[in-house]
Amino acid sequence: MKKNKFPQISDLDLNDNKFLIFFDGGDLGIRKNVDNLKDFYKCEKLFEDAFYEYSTDYNEFYWSIRYTIPDGKQFEKLLKTSKYEKNYPFEYNNHWYTPLHYSFKTKTLYVEPFFFLNGDPDLISYLADYCKSIKKIKIFMMTTLEGKLADQFSKDKIVDTPVIEEYLQRFLRHKNFWCHFLVLNKNQLNGLIKLKKSLKSRKIKIAFPDASKEEKVILKKKDLI
């Protein structure tokens, strides 16, 4: 079975002043010991290189990382026969992260917490300065791996694994594939404060749409909301 290096850029669309970049994270039944945070950092470097190289007056940008995830029966067949069933993957096997997305229509930059786990907001600060139409940045507290299989695990009470990351850790043996959270430790808070200071002259608002009441108290004390 041929092995490719993942993640890698699968598509780059620069039409109509848009920067749409798509990464292929490979098949998580075939890849071994995948660390989704390390994958993110590799994609971030590739994103930066491409964004700077093709830099123009973008009014919309989008970044996704796609993974193919087999269900239990598909993975068992792979282990027994070294191949998947015919026509695999199906639509429900496709899952993805969207680390950032800027919508010109809403003037809002949507950001997942990957960028702040190590307290370094430099890329988000750069994008906010680069794209003059941004009026608001929405930062989510939890990473979300989207897809039909993930939705099923979250809704089906019969399944023992309530979130897709637990399935990936226990069944597909990716021990470092985590659902990452902003825990608002000192390092992360300093990074968020640094970001807000860098936005002061632009009067860009920051929001945390999925923050809990307790998290909002901490954010408010730090004058982040």
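1. Helices and strands are DSSP runs, numbered from the N terminus. With that convention, and bearing in mind that this is a predicted model, Phe140 can be placed in the loop between strand 6 (136-139) and helix 4 (148-155).

2. The surroundings of Phe140 deserve a careful look. Beyond residues up to four places away in sequence, Phe140 touches Tyr110, Val111, Glu112, Pro113, Leu182, Pro209 and Asp210. Phe140 nevertheless counts as partly exposed, because its relative accessibility is 25%, and the range for that class lies between under 20% for buried and over 50% for exposed. The C-alpha atoms of Phe140 and Phe181 are separated by 8.8 Å, although these two residues are 41 residues apart along the chain.

3. The sheet is open and has seven strands in the order 1-2-3-4-5-6-7, with mixed pairing. Its edges are formed by strand 1 (8-13) and strand 7 (205-207), each of which pairs on one side only. Direction ignored, neighbouring strands of this sheet are turned by 20° against each other on average.

4. At one edge of the sheet, strand 1 runs antiparallel to strand 2 (residues 18-27), and five bridges join the two. Within this pairing, Ile9 stands opposite Phe23 in strand 2. Helix 1 (residues 36-53) packs on the sheet, where it touches strand 1, strand 2, strand 3 (60-68) and strand 4 (94-103), and the direction of helix 1 makes about 145° with that of strand 3.

5. Is Thr98, a residue of strand 4, buried or exposed? Thr98 counts as buried because its relative accessibility is 15%, which falls under the 20% limit for that class. Leaving aside neighbours within four places in sequence, Thr98 is in contact with Tyr62, Trp63, Ser64, Glu112 and Glu146. Glu112 is also among the residues that Phe140 touches.

6. The second largest pocket holds about 230 Å³ of space. Its lining consists of Ile193, Lys196, Lys197, Leu199, Lys200, Lys203, Ile204, Lys205, Ile206, Lys222, Asp223 and Leu224. Helix 6 (186-199) and strand 7 each supply at least two residues of this lining, and the largest share, four residues, comes from helix 6. By residue class, the lining of the second largest pocket divides into seven charged, five nonpolar and no polar residues. Strand 7, which contributes here, is also one of the edge strands of the sheet.

Notes
Residues are numbered from 1 along each chain as its sequence is written. This is a predicted model: local features need pLDDT of at least 70, side-chain atom pairs count only at pLDDT 80 or more; totals for chains, interfaces and linings use all residues. Side-chain values use heavy atoms; hydrogens and water are left out. Buried means under 20% relative accessible area, exposed over 50%, partly exposed in between (1.4 Å probe, protein chains only). Contact means heavy atoms within 4.5 Å. Two strands pair if DSSP finds at least two bridges between them. Axes are lines fitted to C-alpha atoms, for helices over the stretch in contact, and angles run from 0 to 180 degrees between N-to-C directions. On a 1 Å grid over the protein atoms alone, a cavity is a set of points where a 1.4 Å probe fits but cannot get out, and a pocket is an open set with protein on both sides within 12 Å along at least five of seven lines; lining residues have an atom within 4 Å of a point. Grid points are joined across faces, edges and corners, and a volume is the space filled by probe spheres set on the points. Ala, Val, Leu, Ile, Met, Phe, Trp, Tyr, Cys and Pro count as nonpolar, Asp, Glu, Lys and Arg as charged, and the others, Gly among them, as polar.
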